[in-house]
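Me: I have a structure open and would like to know what stands behind the words used for it. Could we go through them together?

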Amino acid sequence: MSDKKVIKKNPQEQELGNITVSKEAVAVIASLETVKVKGVVGITSGHRGSSLNTLSRKDLAKGVEVWMKPGEAAITIPIITAYEVGIFKVAEEVQYKVKNAICSLTGLKVSKVDVNVQGIKFKEEKKKIKKETPKEMQKEKNKSQKE
């Protein structure tokens with residue numbers, strides 16, 4: 001199957017030539033729109049394993065799967081969400097934003113946007129570091145020497 005698909009709107013526009021959009025271009029648009037959504041920690045590679053690592057910014061599109069037919073696209077995006085936000089609302093917003101961006105930027109009809117929540121990131125607890133004064137450090141040192 002070809003990586004590029006022809007977009008056809010009406011016969012008059014075809015007089016100028018064909019417009020093609022690659023799967024990679026669709027994947028890049030989808031990934032960039034996804035990471036803009038509040039509550040999305042990152043995009044994963046889509047492979048389930050012992051650890052879920054988010055992809056770096058330059059590799060985001062590698063996690064997005066795109067299937068294309070002439071004038072139509074279907075997308076699957078594996079994400080990690082933050083615990084503090086509603087998972088359903090985040091996934092729904094990803095679907096909405098990705099669909100709108102691909103439709104407006106490429107002219108493709110988006111048949112579906114599947115969002116797979118592959119993990120949840122919990123807020124890291126901030127450890128309180130107690131700063132000891134030199135006097136307190138000396139007292140601790142003296143106690144340990146006496147024992």
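Me: Happy to have your help! What makes one face of strand S4 the covered one?

Reply: In S4 (residues 65-69), Val-66 and Met-68 make up the covered face, while Glu-65, Trp-67 and Lys-69 lie on the uncovered one. In a regular strand the side chains alternate between the two faces of the sheet. Please keep in mind that this is a predicted model, where local features need pLDDT of at least 70, side-chain atom pairs count only at pLDDT 80 or more, and totals for chains, interfaces and linings use all residues. Residues are numbered from 1 along each chain as its sequence is written, and side-chain values use heavy atoms, with hydrogens and water left out.

Me: How do you know that S4 and strand S5 pair?

Reply: Two strands pair if DSSP finds at least two bridges between them. S4 and S5 (residues 72-82) have five bridges, in the antiparallel sense, so they meet that definition. Glu-65 stands opposite Thr-76 in S5. The two strands form a hairpin with two residues between them, and Gly-71 in the turn has a positive phi of about 75°.

Me: What counts as a helix or a strand in this chain?

Reply: Both are DSSP runs, numbered from the N terminus: helices are H or I with at least four residues, strands E with at least two. On that basis the protein chain has four helices and six strands, in the order β-α-β-α-β-β-β-α-β-α from the N terminus on.

Me: Why is Ser-31 called buried?

Reply: Buried means under 20% relative accessible area, exposed over 50%, and partly exposed in between (1.4 Å probe, protein chains only). Ser-31, found in helix H2, has 2% relative accessibility and therefore counts as buried. Leaving aside neighbours within four places in sequence, Ser-31 is in contact (heavy atoms within 4.5 Å) with Ile-43, Leu-60, Ala-61 and Val-64.

Me: And why is Lys-38 called exposed?

Reply: Lys-38 has a relative accessible area of 71%, so it counts as exposed. This residue is found in the loop between H2 and strand S3. The C-alpha atoms of Lys-38 and Val-90 are separated by 7.2 Å, although the two are 52 residues apart along the chain.

Me: What makes a group of residues a nonpolar core?

Reply: Such a core is a set of buried Ala, Val, Leu, Ile, Met, Phe, Trp, Tyr and Cys residues joined through side-chain atoms within 4.5 Å. The largest one here has 26 residues, and Val-26, Val-64, Ile-75, Ile-77, Val-94, Val-98 and Ile-102 touch the most other members. Helix H3 gives the most to this core, with six residues. Ile-77 touches Ala-30, Ile-43 and Val-113, among others, not counting residues up to four places away in sequence.

Me: How do you know that the length of H3 agrees with its number of residues?

Reply: The expected span of a helix is 1.5 Å times one less than its number of residues. For the 20 residues of H3 that gives 28 Å, and the end C-alpha atoms are 28 Å apart, so the two agree.

Me: Why are the buried residues of H3 said to be on the same side?

Reply: Val-90, Ala-91, Val-94, Val-98, Ala-101, Ile-102 and Thr-106 are buried in H3. They cover an arc of only 105° around the axis, which puts them on the same side; the arc is that of the directions from the helix axis to the C-beta atoms. The face turned away from the buried side carries the exposed residues Phe-88, Lys-89, Tyr-96 and Ser-104.
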